[in-house]
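Ready for some practice in reading a protein model? Keep the viewer open and try each task before you read its solution.

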Amino acid sequence: MTTDTGSQPGLSRRTFLATAGSVLASTATRLRLRAWWPHAGTATAGGALASTTALGLVEPADASTAWRMRGDAFEACSCNVTCPCNFGSDPTLGFCEVISAWRIQEGHYGNTRLDGLNLVLYNRMPGNIFQGNWTSGFYLDQRATPEQVQALGTILSGQAGGWFAALSGLIGQQLAPQQVPIQFETVNGEHRVMVPGLLEVGTERIPNPVPGQPPLDTTVSDIAVAGLYAGPVHVRRSSILKLTDPNLRFEYSRRSSLIGQFEYTGP
């Protein structure tokens, strides 16, 4: 059964599991996402959008171009450890507010290299995540050239197929992407991402409930959001989770987090 998400085509949990990482978004979804991407803007340190012309966006890149990205990924959300959304259940609070971040170790879109760039996705899911109607926004690395931004726009909007095409079917309100300075750091195996004036999120190990034992390093695999990670992921909690975007704001700490590796390809 496919669930209606309002302004976007629905995508059931079963369909998502079967298609994530391979299916193209529907024509209606691709046309809608094609419309929002050219309205991207840059953000100042305080979060305000600057001139949209700075991104040089006119038309998306060729959606038939082969692409690949791999590297580090993590998420942190409003749910208790560990987020029930990742196993097909309803979120702890009845909704889920989440930040996902990617550090591309190696990537390309045709002949356009994407190595070393950082990406952030922030979402609010109003209920079970597979019911859709998400509110979502992207931050793109300020270091990305106009050509890289065009390539990333085609990938992230779902027009180039792959994992983001399946994801796009769950989005009800797509916020305009912003090109901002993204700091993605790893210290002692823990990740921290900062966007000055807009976002800060970090991970930490969960204290062991048994006195005198080291912190936990539990791993899980085959989570419901198929394709988000490549291989097992490590269960963590957030040391901080703060978003102060003008379009979406939330703040939590010591809530669910996962860290792992990703690999996406298309079309």
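The exercises below move from the whole chain to single residues of this predicted model.

**Exercise 1. The overall picture**

Task: Find how many helices and strands the protein has, and what share of its residues is buried.

Solution:
- Step 1: Go through the secondary structure, and you will arrive at 4 helices and 15 strands.
- Step 2: Next, turn to burial, where a residue counts as buried under 20% relative accessible area. Of the 267 residues in the protein, 53% are buried.
- Step 3: Look at the surface too. The protein exposes about 11,000 Å², and carbon and sulfur atoms supply 51% of that area.
- Step 4: Finally, take the contacts between residues at least 6 apart in sequence: 69% of them join residues at least 24 apart.

**Exercise 2. The partners of strand 11**

Task: Work out how strand 11 pairs with strand 10 and with strand 13.

Solution:
- Step 1: Locate strand 10 at residues 190-195 and strand 11 at residues 199-204; they run antiparallel and are joined by 4 bridges.
- Step 2: Look across this pair, and you will see V195 opposite L199 of strand 11.
- Step 3: Follow the turn of the hairpin. There are 3 residues between the two strands, and G197 takes a positive phi near 80 degrees.
- Step 4: Now move to strand 13, residues 233-245, which pairs with strand 11 over 6 bridges, again in the antiparallel sense. Here V201 has L241 as its bridge partner.

**Exercise 3. Unusual backbone angles**

Task: Find where N133 and R254 lie, and decide whether each is buried, partly exposed or exposed.

Solution:
- Step 1: Recall the general rule: most residues other than glycine have a negative phi.
- Step 2: Check N133, which is not a glycine yet has a positive phi of about 60 degrees. N133 sits in the loop between strand 5 and strand 6, and its relative accessible area of 39% makes it partly exposed.
- Step 3: Check R254, whose phi is also positive, near 55 degrees. R254 belongs to the loop between strand 14 and strand 15, and at 58% relative accessibility it counts as exposed.

**Exercise 4. Cis peptide bonds**

Task: Describe the peptide bonds from V81 to T82 and from G266 to P267.

Solution:
- Step 1: Keep in mind that most peptide bonds are trans.
- Step 2: Read omega from V81 to T82: it is near -10 degrees, and the bond is cis. T82 is in the loop between strand 2 and strand 3.
- Step 3: Read omega from G266 to P267: it is near 0 degrees, and this bond is cis. P267 is in the segment after strand 15.

Methods
Residues numbered from 1 in each chain as written. Predicted model: local features only at pLDDT ≥ 70, side-chain atom pairs only at ≥ 80, totals over all residues. Heavy atoms only, no water. Buried < 20%, exposed > 50% of the residue type's maximum accessible area, 1.4 Å probe, protein only. Contact = heavy atoms within 4.5 Å. Areas by Shrake-Rupley, 256 points an atom, 1.4 Å probe, with all protein chains shown as cover. Pairing = 2+ DSSP bridges.
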